[in-house]
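This report covers the fold, the sheet, the nonpolar cores and the charged side-chain pairs of one protein chain. The sequence and the model come first.

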Amino acid sequence: MRFRGKIVDVVCIRKFDTIINAVSKIAKTCIMRLTPDKICLIMTEGSSVVGGPAAWGEIDQDSLFSEYNMEGVTTDHNEIHIEFSTDSMHKNITTLKSPNVRGLKMKLTKKKSVPNLTFEVTLSSSTSSRQVIHDIPVQIVPRLCWQGYSIPELPPVDLSLCLPCQEIKRLKTVVEKFRNLGSNLTLTARKEGSLSLKVESDEVSVTGHFGDLREPNFRANQVPWKISEEEMEIASVKVDIKRFHTFLLAEMLQPERFVLNVVDEEILHLLLVTSELVLQFYLPRSGRR
């Protein structure tokens, strides 16, 4: 197994750092799945949904990396699955935030028989240049365990709405306030283009509304999920408010698109898209076993 990648564009280095920062807020551990053309970030913290991870991110390697080379476990299974602590990685690569960062190399190494993901960061100023090396201990996931990290299959979606990017921050602010009022949040999507959020407790019932929303547009035969054959005007699901808020922390990625899908009384599925990353979140109804 081998992996080596290089990023020379400073903007891309900043974006990679922001992605790792967002992932560290969503889950404590993450599986980095390396394939010849993509890097997948797989988060399984919390209860799994439809037999798979709770969050799934995909990065097209050519959107960030100027050089990218990998050799998987075998020719037939040309992948590498690496498990790492998100907090450890985020805190150890703080040099990526330096205004003097000029380059980043990533490679899979072994130090004293322990696998590491090694980051070589180039820092340059008008008077000097130096290289800072960060070794992040990781675990290599055996091929026999890969099946547990496949992308979940979403049941047919009953209602789907696009939230304008400028509204995501407001949604996060509303949910932050609701967190202090109860443990569960009921989201109700309406085909007419509205979304309501309701939190209830023994003492209070509060509802927030978002209007002027639209259904996402996709080219014919390119909808990335199945649509329910039953025409529904309204669909609702009650979810854990803290987990929903956790995913909204990914708002820092400044997405270009944000889609909210509801499988009535079953699952809330969220899709966040940037120019480099597609991030999906699968949240089951509260009380589901």
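The text below goes from the whole chain to single residues.

**Overall form**

The model is predicted. The protein chain has 4 helices and 18 strands. Along the principal axes, its C-alpha atoms fill a box of roughly 60 × 45 × 40 Å. The radius of gyration is 20 Å, and a compact globule of 289 residues would have a value near 19 Å, so the chain agrees with that expectation. Of the 289 residues, 49% count as buried. Among contacts in the chain with a separation of 6 or more, 64% come from residues 24 or more positions apart.

**The open sheet**

An open sheet is built from 9 strands, in the order E10-E6-E2-E3-E4-E18-E17-E16-E11, with antiparallel pairing. Strand E10 (139-140) and strand E11 (159-162) are at the edges; each has a single partner strand, so one side of each lacks a neighbour in the sheet. Helix H4 (residues 241-248) packs on this sheet and touches strand E16 (257-263), strand E17 (267-273) and strand E18 (277-284). The direction of H4 makes about 175° with that of E18.

At one edge, E10 is joined to strand E6 (residues 80-85) by 2 bridges, and the two run antiparallel. Here isoleucine 82 stands opposite isoleucine 140 in E10.

At the other edge, E11 pairs with E16 over 4 bridges, again in the antiparallel sense. Serine 160 stands opposite asparagine 261 in E16. In a regular strand, side chains alternate between the two faces of the sheet. In E11, Leu159 and Leu161 point one way, while Ser160 and Cys162 point the other way. Are these four residues of E11 buried or exposed? All of them are buried, although E11 is an edge strand with a single partner strand.

Strand E3 (residues 38-43) contains isoleucine 42. The relative accessible area of isoleucine 42 is 1%, and the cut-off for a buried residue is under 20%, so isoleucine 42 counts as buried. Its C-alpha atom is separated by 16 Å from that of serine 88, which is 46 residues away along the chain.

**Nonpolar cores**

The largest nonpolar core has 75 residues. Leu197, Phe244 and Leu268 are the residues with the most contacts inside this core. Which helix gives the most to this core? Helix H1 (residues 10-26) does, with 8 residues. Another core lies apart from the largest one and has 17 residues, including Leu154, Val263, Leu271 and Val273.

The surroundings of leucine 268 can be listed in part. Leaving aside neighbours within four places in sequence, leucine 268 is in contact with residues including Leu187, Val237, Val239 and Phe244. Its contacts also include Leu260, Asn261, Val262, Phe281, Tyr282 and Leu283. Asn261 is also the residue that stands opposite serine 160.

**Salt bridges**

Side chains of opposite charge can pair when their charged atoms come close. How many salt bridges does a search of the whole structure find? The search finds 16. Three of them are listed here.

| Pair | N to O distance | Helix and separation |
|---|---|---|
| Aspartate 87 and lysine 91 | 3.2 Å | H2, 4 residues apart |
| Arginine 170 and glutamate 167 | 2.9 Å | H3, 3 residues apart |
| Glutamate 176 and lysine 172 | 3.5 Å | H3, 4 residues apart |

Aspartate 87 and lysine 91 lie in helix H2 (residues 86-92), about one turn of the helix apart. Aspartate 87 is partly exposed at 37% relative accessibility, whereas lysine 91 is exposed, with a relative accessible area of 54%.

The other two pairs belong to helix H3. Arginine 170 and glutamate 167 are 3 residues apart in H3 (residues 165-178), and so are separated by about one helical turn. Arginine 170 counts as partly exposed at 39% relative accessibility, and glutamate 167 is also partly exposed, at 22%. Glutamate 176 and lysine 172 are likewise about one turn of the helix apart. Glutamate 176 counts as partly exposed at 29%, but lysine 172 counts as buried at 14%. Elsewhere, salt bridges that share partners join Lys38, Glu58 and Asp60 into one network.

Terms used: Residues numbered from 1 in each chain as written. Predicted model: local features only at pLDDT ≥ 70, side-chain atom pairs only at ≥ 80, totals over all residues. Heavy atoms only, no water. Pairing = 2+ DSSP bridges. Contact = heavy atoms within 4.5 Å. Axes fitted to C-alpha atoms, helices over the stretch in contact; angles between N-to-C directions. Buried < 20%, exposed > 50% of the residue type's maximum accessible area, 1.4 Å probe, protein only. Salt bridge = Lys/Arg side-chain N within 4 Å of Asp/Glu carboxyl O. Core = buried A, V, L, I, M, F, W, Y, C linked by side-chain atoms within 4.5 Å. Rg over C-alpha atoms; globule rule 2.2 N^0.38 Å.
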